[in-house]
Amino acid sequence: MRVTFNANGRQVEADDVWEGESLLYMLRERLGLPGSKNACEQGECGSCTVYLDGAPVCSCLVAAGQVQDREVRTVEGLADEETGLDPVQQAFIDAGAVQCGFCTPGLLVQTHDLLEREPQPSDNDIREALSGNLCRCTGYEKIMDAVRLASARKCHATEVSQ
């Protein structure tokens with residue numbers, strides 16, 4: 001089957017999609033968007049998290065055919081061609097929250113979503129928002145630091161623009 005949808009602001013088409021294929025597979029293998037990682041294939045680790053019509057989902061659990069005429073935003077789509085990395089992406093780099101990087105795409109999407117909903121989250125809010133994302137390398141403290149840094153920068157940017 002052919003699947004047509006919006007990926008990161010662009011209309012895309014994937015051909016020869018089989019009915020059991022996941023959105024994750026289609027993004028990585030057919031569309032060349034390897035940011036979302038294939039770790040558990042069971043929706044348990046969060047490494048493949050993307051936005052689907054504005055809501056974070058585990059792309060390994062979404063059938064490719066389900067995205068027909070919908071909007072998908074991957075970790076690649078967080079960055080802006082003109083302004084560069086999203087503040088969340090830059091904060092993860094600056095805080096040293098990236099080690100092996102396998103969990104990072106899902107954490108970035110979840111953090112981005114959290115800060116869109118709650119610009120100044122508490123530590124409990126952060127833990128709750130990221131609870132579906134497993135990291136085996138960091139111990140999460142630098143990840144927490146990165147979310148706090150992104151929040152502070154976002155709030156500062158909002159104050160400056162007002």
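**Reading a predicted protein model**

Reader: How many Å apart are the mean positions of the positive and negative charges of the protein?

Author: Lys and Arg count as positive, Asp and Glu as negative, while His and chain ends are left out; each charge is placed at NZ of Lys, CZ of Arg, CG of Asp or CD of Glu. Here 14 positive and 26 negative charges have mean positions 4 Å apart. The model is predicted, with pLDDT of at least 70 needed for local features and 80 or more for side-chain atom pairs, whereas totals for chains, interfaces and linings use all residues. Residues are numbered from 1 along each chain as its sequence is written, and side-chain values use heavy atoms, without hydrogens or water.

Reader: In what order do the elements run?

Author: Helices (H or I, at least four residues) and strands (E, at least two) are DSSP runs numbered from the N terminus. This protein has five of each, in the order β-β-α-β-β-β-α-α-α-α. Its radius of gyration (over C-alpha atoms) is 16 Å, close to the 15 Å from the globule rule (2.2 Å times the number of residues to the power 0.38) for 162 residues, so the protein is as compact as a globular protein of that length. Its C-alpha trace spans about 45 × 35 × 20 Å along the principal axes.

Reader: How do strands β3 and β4 run?

Author: Strands pair if DSSP finds at least two bridges between them. Strand β3 (residues 49–52) and strand β4 (residues 55–58) are antiparallel and joined by four bridges. V50 has V57 in β4 as its bridge partner. Two residues lie between the strands of this hairpin, where D53 has a positive phi near 50°.
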